[in-house]
Amino acid sequence: MAAQISKQTLIGEMLQMDIGIASILMAAGMHCVGCPSSAMESLEEACMVHGMDADQVLTRVNAYLANKEKAN
């Protein structure tokens, strides 16, 4: 079963799950994924700070994880 994240998942946890998530976040406009404080923010909090739709980002990240799981 593919790993899934929620809006409450911390950015740091997401990146530990799969570093490939960083490129999704950066493509969405969240260029601070390497910032120490971002590691302790939830996806929802980070999206709010950056004026992004957390549901859209969440959908993209979970689709990435599901597709990666299918490929394995």
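Which residues have the most contacts inside the largest nonpolar core?

1. This is a predicted model, in which local features need pLDDT of at least 70 and side-chain atom pairs count only at pLDDT 80 or more, while totals for chains, interfaces and linings use all residues. Residues are numbered from 1 along each chain as its sequence is written, and side-chain values use heavy atoms, with hydrogens and water left out.

2. The largest nonpolar core (a set of buried Ala, Val, Leu, Ile, Met, Phe, Trp, Tyr and Cys residues joined through side-chain atoms within 4.5 Å) has 19 residues, and those with the most contacts inside it are Ile11, Met14, Leu25, Met30, Leu43 and Val61. Helices 1, 2, 3 and 4 (DSSP runs of H or I, at least four residues, numbered from the N terminus) each supply at least two residues of this core, and helix 4 gives the most, with five.

3. Helix 4, which runs over residues 54–71, has buried residues (under 20% relative accessible area with a 1.4 Å probe, protein chains only), namely Ala54, Val57, Leu58, Val61, Asn62 and Leu65. They lie on the same side of helix 4, because they cover an arc (taken from the directions from the helix axis to the C-beta atoms) of only 125° around the axis. On the other side, Thr59, Lys70 and Ala71 are exposed, meaning over 50%.

4. What covers the buried residues of helix 4 includes helix 1 (11–17), helix 2 (21–27) and helix 3 (43–49). At the N-terminal end of helix 4, Asp53 acts as a cap, with a side-chain oxygen 2.8 Å from the backbone nitrogen of Asp55.

Notes. Contact = heavy atoms within 4.5 Å. Polar contact = N/O pair within 3.5 Å; in protein donor to acceptor, adjacent residues only side chain to side chain.
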